[in-house]
Amino acid sequence: MMENSADAERESLITKPLLNDDHDGFSGKGGFRTMPFILANESLAQVASYGLQPNMILYLTREYHLNMATGSNILFLWSAATHLMPLLGAIVADSFLGRFRMILFGCVISLLGMALLWLTTMIPQAKPPPCYESNNNCSSATSLQLFLLCCCFGLLSIGGGGIGSSSLAFGADQLRRAGGQNNGWALECYFSWYYALCTISILIALPCIVYVQENLGWQVGFGIPVMLMLLSTLSFSLASHLYVKLKAKSSLIVEMFQVAVASYRKRHIELPTESSKMLYHHHRGPSICLPSEKLRFLNKACIIIDPEKDLTTDGRVADPWSLCTVNQVEDLKSILKVIPLWSTGMIMSINVSQGSFSVLQAKSMNRKFGPNFEMPAGSFGMFTVVSAVLWIALYQQIFLPVASRIMGRPVHLSTRKRMGIGMALSFVCMIVTATVEAKRRSLAIREGYSDDLDAVVDMSVLWLLPQYFLIGAAETASAIAQNEFYYSEFPRSMSSISSTLFSLGVSAANLVASFLMNAIDKLSKLGGKESWIETNINKGHYDYYYWVLAGLSVLNMIYFLICSKAYGPSKEDEKETTFREDDN
């Protein structure tokens, strides 16, 4: 997933013209001397943000006395906003602020959000008073307390979007030569270190900060991310005078909206049966002169009605929200064409987003390794990252070479096949998770813990490892394939959209996951029964919940096959066919 995102970003940086604020070339600024500051900024921010996520469900249920459904809803919405904000951040950075200001804005807002969250652990009035253990009487959080909490999450999402939307591209800006030519080796080295440090940051955050939260308390556990984010902000700011800072320019995403608006404004225009009978606006030089016949209603956006009004004297568009180029129209069509296939990834992303429930499972199981060490429940998410790394290594270094040797020719699984493999692994993961949870719940009831929320059953937490490894492999296989598919299907000018589409899919999936969980929670309560998604995991039926996700995964795989067939041959398939014909 990381490598393919880097490829997409790399190609987009190569194809986009850049303007220097100083107009003096790149001499004296940028270069490798800026890399320690940029990489330190991203790494520290990653450790800080990922360190807050795993145990957040425990903080909401223990300190704010929220039930499992409400707490999970908040986290689903937080995750949805976090994955959406980089898209909005990219639009603002490209069109208005520029990358440097956007990253600095993101750092300051993230620091503010973490500081406010830290204060909720120290100010008694910021959260409900502790429960009375004698009668198990707990006060609910007030509207003001929940508003403050949600403000913290909102600031974290906005700040993360500001950093995530521009950090990778801003670092690449520093490695360009005068005249806009790319130093290929330098970019390759930068992308490799960037993603390596991101992975290392996650592996540091999940065990270390989570361990501090469980053993030294929330004040210290939330205070460390604040200090790390402060260092991240200072690291980035100290090298301000060394950076190449590029001007904001038109955003490709804004151009997509311009096509939609322009076609709507011209909705009353009648299109001829043949495109060649109309006058269309296109770029000078090598470009598409006539729009395609698919989704013809969008062709109205590039029709020139009155050249004197629509164009300036030098041939430029007078109003970009009324007239677009043929290339812009075709770019939007290429996005709309992949939407059905893009939507098939949502169910898998819903399965991946169930981390809060896995933390509750781990919390109720035996996590002791040796006489003195107990692994925090939130730290087990690191095995998902380990699984991702192992999947990439096994696929690239073992599966493909062995398959190629057996077949006697280079073997390459298409992107859509790998997307299907990811969905299949996700389905198997839900079955395994439901089976393990049924066994854990049954054991808790036999041991008399059905009413004990904090009881630990005599079952090793290692039973959860298969589901962590399966979901890590599923997410990696699907995410890499999706990014690669979007990148290969889109024109080069749209390569930066590929990673944005995947992130947007994760955001949408979290919204759907919230709706789905609410529906299951309400339906399972009918007739006065216990909810499947009880805060007390021993009373609930999370195994049934996972079986529902498994059933939806089957339906989604059928939907994927239909969408894949309807899509027809991809550009990747056409290249493979040409290669085989040439080989024969």
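## Crossing of α9 and α11

Helices α9 and α11 are roughly perpendicular to each other, because their crossing angle falls in the range of 65 to 115 degrees. This is a predicted model. The axes of the two helices come within 9 Å and cross at roughly 95°. Helix α11 spans residues 326-343, and α9 spans 252-265.

Both helices bring named residues to the contact. From α9 come Leu-252, Glu-255, Met-256, Gln-258, Val-259 and Ala-260. From α11 come Gln-328, Val-329, Asp-331, Leu-332 and Ile-335. By class, the contact of α9 with α11 holds 7 nonpolar residues, 2 polar and 2 charged.

## The second largest cavity

The structure holds 3 cavities of 30 Å³ or more. The second largest encloses about 50 Å³ of space. Its lining includes Trp-342, Gly-345, Met-346, Ser-349 and Gln-482. Leu-501, Phe-502, Gly-505 and Val-506 also belong to the lining.

Two helices, α12 (346-352) and α17 (497-524), each supply at least two residues of this lining. Helix α17 gives the most, with 4 residues. The lining of the second largest cavity has 5 nonpolar residues and 4 polar ones. No charged residue takes part in that lining. Glycine is counted among the polar residues here, and Gly-345 and Gly-505 are both in the lining.

## Positive phi at His-65

His-65 is not a glycine, yet its phi is positive, at about 55°. The residue sits in the loop between α3 (56-63) and α4 (68-97). His-65 counts as buried because its relative accessible area is 18%, and the cut-off for buried is under 20%.

## Positive phi at Leu-295

Leu-295 is another residue other than glycine with a positive phi, near 50°. Its place is in the loop between α9 (252-265) and α10 (307-310). Helix α9, which precedes this loop, is also the helix whose axis crosses that of α11.

Is Leu-295 buried or partly exposed? Leu-295 is partly exposed, with a relative accessible area of 34%. That value lies between the cut-offs of 20% for buried and 50% for exposed.

## Recap

The axes of α9 and α11 cross at roughly 95°. Nonpolar residues number 7 in their contact. The second largest cavity, of about 50 Å³, draws 4 lining residues from α17. Of the two loop residues described above, His-65 is buried and Leu-295 is partly exposed.

How values were computed:
Residues are numbered from 1 along each chain as its sequence is written. This is a predicted model: local features need pLDDT of at least 70, side-chain atom pairs count only at pLDDT 80 or more; totals for chains, interfaces and linings use all residues. Side-chain values use heavy atoms; hydrogens and water are left out. On a 1 Å grid over the protein atoms alone, a cavity is a set of points where a 1.4 Å probe fits but cannot get out, and a pocket is an open set with protein on both sides within 12 Å along at least five of seven lines; lining residues have an atom within 4 Å of a point. Grid points are joined across faces, edges and corners, and a volume is the space filled by probe spheres set on the points. Buried means under 20% relative accessible area, exposed over 50%, partly exposed in between (1.4 Å probe, protein chains only). Axes are lines fitted to C-alpha atoms, for helices over the stretch in contact, and angles run from 0 to 180 degrees between N-to-C directions. Angles under 35 degrees count as roughly parallel, over 145 as roughly antiparallel, 65 to 115 as roughly perpendicular and the rest as oblique. Contact means heavy atoms within 4.5 Å.
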